[in-house]
Amino acid sequence: MNAIQIKMREVAGQLLSLGEVDRVIGWEKGRFAHQSPPAFITDETKVERLIWDEYCLTGTAKYLLDDPYRAGKTGLFARGCDARAINRLIQDGQVKRENIVIIGICCTGMSDSVSRQMAAKCCDCTHPTPVVYDLMIGEPVKPVAKPERFKAVAELEQKAAQEKSEYWTRQFAKCIRCYACRNICPACNCRECFADQYRVGWLGKQHHTAENQVFGLTRAYHIADRCIECGECARVCPVGIPLMELNRKLIKDIQQLFGDYHAGVDSETAPPLGRYSLDDMEEFM
Amino acid sequence: MALMTEANWEPKVLAFCCNWCSYSGADLVGLNRMKYPENVRIVRVPCSARVNPQFIIRAFQRGADGVLVAGCHPGDCHYSTGNYYTRRRFLVMKRLLEFIGIESQRFQARWISGAEAVKFRDTVTKLCEDIKALGPQRKLRDQK
Ligand code: SF4
Ligand code: SF4
């Protein structure tokens, strides 16, 4: 058994038996060897369910919102991406820091359950070590810049308008509007989503390419300055739409226009589109 | 009213104008008996910052060939700071639209004050000319 897993069970057992938390969220072994879905444990005798292997892909933080009015504290196992997601939820006023005990895990990357190679979201990860935690398991490493994660965006930018449009039309023609990308996303934390409105004007219910594109673009823009680059949306999309290319396009432009900003790295600095500067670039004269 | 076909196509341009500056600017065009293209449909909004970026996406989806967002000059906003947010928002939005293949001429943002009738007329005239040259916008349209 790996050292992280031993430590996870030990910490979870302690927190639950001392009553410091009344549940922990981590991962357990799923039906298949390549599945490690999230686990919700409220009983200290059940901590043996917790596991740590290369398929712990699912983000844990978003589950804090499943019952927004829940009393009691949660012990949350958090890798780098989960820690940024927690900051996201704190900053957006969705959870309170004092209600979470963050058990940071220094992550070395997970494997894609199909290709068995390092998962795409982990290849592009800049902050593998949690940026916020109460307890830490493993050896912290420094953040890495990884500018190469914007390569696909830069290549697409160079193409002609017609080609770009054909590319995105082809992608969104596949969308089945399952809203998995939204449901998994820690930045998509509005309690009332535009996509769920039934009144005319917000988003049509028809399932066709134009409507799918309106959904995808509106979602991408809505989280533009708050996306923490966890890559969960692209991972869960059942039809493989490269959603991170849209997110990274926005992140890249926001960084170029308004300065370096990494959402979720702290919970204090306001997202760039929620503030302004008198010396912002002027293109609208 | 004759149905619009490929042959007699005329662009539809949607202009979101802020109540305090650009809408008055557009009004002044009329008061001065100046002409601007009939292709422009004006939607009056309390502030340019009221324009949700989704409005732009929806406008293109529902048949607009071009969209203009017009507001007070920076420093002149009726609500002091609204247009500073507008500026950030649409600097980013403009680039996103280009990224998905909407030609840059089709979406414009401009600062037009209540006294700038000529600027309003010139801006929308130029916008309509550019869009006529580009042809109909079909990329984000329903039923493509
Ligand atoms: S948009 Fe995707 S990468 Fe960004 S926070 Fe949401 S799930 Fe994570
Ligand atoms: S997860 Fe993929 S298929 Fe589902 S709504 Fe999002 S983009 Fe569409």
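**Legends for a predicted model of chain A**

**View 1. The interior of chain A.** Buried residues account for 53% of the 285 residues in chain A. Keep in mind as you look around that this is a predicted model. One residue to pick out here is Cys185(A), which counts as buried because its relative accessible area is 9%, and the limit for buried is under 20%.

**View 2. The order of helices and strands.** Here you can trace the 9 helices and 5 strands of chain A. Starting at the N terminus, the elements follow the order α-β-β-β-α-β-α-β-α-α-α-α-α-α. The radius of gyration is 20 Å, close to the 19 Å that the globule rule gives for 285 residues, so chain A is as compact as a globular protein of that length. Measuring tape in mind, the C-alpha trace spans about 60 × 45 × 40 Å along its principal axes.

**View 3. Contacts across the sequence.** Among the contacts in chain A with a separation of 6 or more, 68% join residues 24 or more positions apart.

**View 4. The surface and its charges.** Chain A has an accessible surface of about 13300 Å², and carbon and sulfur atoms contribute 53% of that. Its side chains include 37 positive and 38 negative ones, and the centres of these two sets are 4 Å apart.

**View 5. Cys125(A) and Cys81(A).** How many disulfides does a search of the whole structure find? The search returns 0 over all chains. Cys125(A), for one, is in no disulfide, and the nearest cysteine sulfur, which belongs to Cys81(A), lies 6.3 Å away. For a disulfide, the two sulfur atoms would have to be within 2.5 Å.

Note on methods: Residues numbered from 1 in each chain as written. Chains lettered and ligands numbered in written order. Predicted model: local features only at pLDDT ≥ 70, side-chain atom pairs only at ≥ 80, totals over all residues. Heavy atoms only, no water. Helix = DSSP H or I, 4+ residues; strand = E, 2+ residues; numbered from the N terminus. Rg over C-alpha atoms; globule rule 2.2 N^0.38 Å. Buried < 20%, exposed > 50% of the residue type's maximum accessible area, 1.4 Å probe, protein only. Contact = heavy atoms within 4.5 Å. Areas by Shrake-Rupley, 256 points an atom, 1.4 Å probe, with all protein chains shown as cover. Lys, Arg positive; Asp, Glu negative; His and termini not counted. Charge placed at Lys NZ, Arg CZ, Asp CG, Glu CD.
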